[in-house]
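Let's take a walk through a protein together, one strand and one helix at a time. Have a look at the fold first, and then we will start from its middle strands.

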Amino acid sequence: MKPGFMSSVCPQQTLPELIETANRYGYKGLEFRVEWDHQHGIELDASDMQIESAKQQLDEAGIVCTCIATGVQFNSDDADQHVRQQEILKQYIELAASVGATFLRTFGDPVPEEDASSRDVVLSLAAQSYAAVDEQAKQHGVYVLIETHTNMRAHWARQVIDKANVQRLGVLWHIGHHIGYGQSVDDAYIHIKDDVHHLHFNLGGRVTDDDNQRTFELLKPDGFDGFFSVEVINPDEPEAVLQHHIDKFNHFMNTVV
């Protein structure tokens with residue numbers, strides 16, 4: 001298990017600055033939030049030369065491009081909207097492959113909370129969308145991830161994965177969201193344990209140290225070797241955030257038997 005952070009922690013830093021920050025605090029990976037005018041330069045409108053340069057800088061620094069965090073959203077009950085989102089995701093699959101990212105974050109939320117029939121329609125459409133891009137993801141060596149974000153509980157993410165029945169779809173586990181909806185770390189993990197590829201890592205708020213510790217305790221015995229990626233959006237003191245999270249990450253790692 002390895003520490004990383006999202007560009008959202010330091011949105012005004014250029015790629016060289018992000019790499020320097022990662023090395024200074026002991027982070028091994030960077031996750032790039034696209035579409036938000038961050039200064040890293042890894043976007044759909046970047047030139048081939050810019051992307052090649054970004055990959056070279058990351059490779060030379062020994063920093064992994066862990067994930068491209070897109071805003072692609074498969075939560076509509078409108079099939080045409082899904083097709084439009086699929087086309088955007090296909091572009092991001094190519095971008096991820098070009099810069100060396102193995103994972104792409106997508107959303108399947110928010111979903112209908114009370115109406116099970118409406119929710120099943122949305123989740124089924126999401127599954128169809130993920131199936132529609134799976135062959136391209138496989139060809140490019142990329143995994144598409146659905147985040148347990150807002151009200152996307154782990155068992156609903158499981159439902160999407162099972163319905164899609166494809167090779168290149170997994171879960172980005174963010175415990176803070178489902179905890180806020182009353183689903184514990186243990187209850188969530190039962191549903192997604194075989195499909196967690198990447199995590200968003202946050203301290204404080206509704207997430208306790210015990211909650212975070214439990215994720216380490218569950219994942220380590222199962223052989224998880226991916227990234228805990230710090231996601232704090234536009235903090236006032238980004239370097240304090242990074243120091244606090246790396247200290248806690250190392251503590252959790254050291255206390256897992």
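A residue is called buried when its relative accessible area is under 20%. Keep that cut-off in mind as you explore this model, which is predicted.

Let's begin with strand E4, residues 103-107. How many residues of E4 are buried? The count is 5 of the 5, so the strand is largely enclosed by the rest of the structure. You can check this on both faces: Phe 103, Arg 105 and Phe 107 are buried on one side, and Leu 104 and Thr 106 are buried on the other.

Now look at the strands that E4 pairs with. Strand E3 (64-73) is joined to E4 by 4 bridges, and the two run parallel. Within this pairing, Ile 68 stands opposite Leu 104 of E4. To get from E3 to E4 the chain passes through H3, making a right-handed β-α-β crossover. E4 is also joined by 4 bridges to E5, again in parallel, and here Thr 106 stands opposite Ile 146 of E5. The link between these strands is helix H4: E4, H4 and E5 form a right-handed β-α-β unit.

Follow the chain onwards and the next step is a β-α-β unit too. E5 (residues 143-147) pairs with E6 (residues 169-173) in the parallel sense, over 4 bridges. Ile 146, which we met opposite Thr 106, also stands opposite Val 171 in E6. Together with helix H5 (residues 154-164), E5 and E6 make a right-handed β-α-β unit. Strand E6 is mostly covered, with 5 of its 5 residues buried. E6 also runs parallel to strand E7 (residues 196-201), and 3 bridges join them. In that pairing, Trp 173 is found opposite Leu 199 in E7.

What fills the inside? In soluble globular proteins, nonpolar side chains tend to be buried together. Here the largest nonpolar core has 75 residues, and Phe 5, Ile 68 and Trp 173 touch the most other members. Helix H4 (residues 116-140) gives this core its largest share, 7 residues. Ile 68 makes a good example of the packing: leaving aside neighbours within four places in sequence, its contacts include Phe 32, Val 34, Ile 42, Tyr 92 and Leu 104.

Next, find the short stretch between helix H3 (79-99) and strand E4, where Gly 100 lies in the loop. Is Gly 100 buried or partly exposed? With a relative accessible area of 36%, Gly 100 is partly exposed, because that value falls between the 20% and 50% cut-offs. Leaving out residues up to four places away in sequence, Gly 100 touches Lys 55 and Cys 65. Its C-alpha atom is separated by 15 Å from that of His 198, which is 98 residues away along the chain.

Compare that with Ser 229, which sits in strand E8. At 1% relative accessibility, Ser 229 counts as buried. What does Ser 229 touch, not counting residues up to four places away in sequence? The list includes Gly 4, Phe 5, Met 6 and Glu 31, along with His 198, Leu 199, His 200 and Phe 201.

Helix H8 (residues 209-219) has buried residues of its own, among them Asp 211, Asn 212, Thr 215 and Phe 216. The elements covering the buried residues of H8 include E6, E7, strand E8 (227-230) and helix H9 (238-255).

Finally, let's look for gaps. Rolling a probe the size of a water molecule over the atoms shows where empty space is left. The largest pocket has a volume of about 280 Å³. Its lining has 20 residues, and Val 196, His 197, Phe 224, Asp 225 and Gly 226 lie nearest its centre. E3 and E7 are the elements that give two or more residues to this lining.

The largest cavity has a volume of about 30 Å³. Several residues from our walk line this cavity, including Trp 173, Leu 199, His 200, Asn 212 and Thr 215. E7 and H8 each supply at least two of the lining residues, and the largest share, 3 residues, comes from E7.

How values were computed:
Residues numbered from 1 in each chain as written. Predicted model: local features only at pLDDT ≥ 70, side-chain atom pairs only at ≥ 80, totals over all residues. Heavy atoms only, no water. Core = buried A, V, L, I, M, F, W, Y, C linked by side-chain atoms within 4.5 Å. Buried < 20%, exposed > 50% of the residue type's maximum accessible area, 1.4 Å probe, protein only. Contact = heavy atoms within 4.5 Å. Pairing = 2+ DSSP bridges. Right-handed = clockwise from strand over helix to strand, strands pointing away. 1 Å grid on protein atoms, 1.4 Å probe; cavity = no way out; pocket = protein on both sides within 12 Å on 5 of 7 lines; lining within 4 Å. Points joined across faces, edges and corners; volume = space filled by probe spheres on them.
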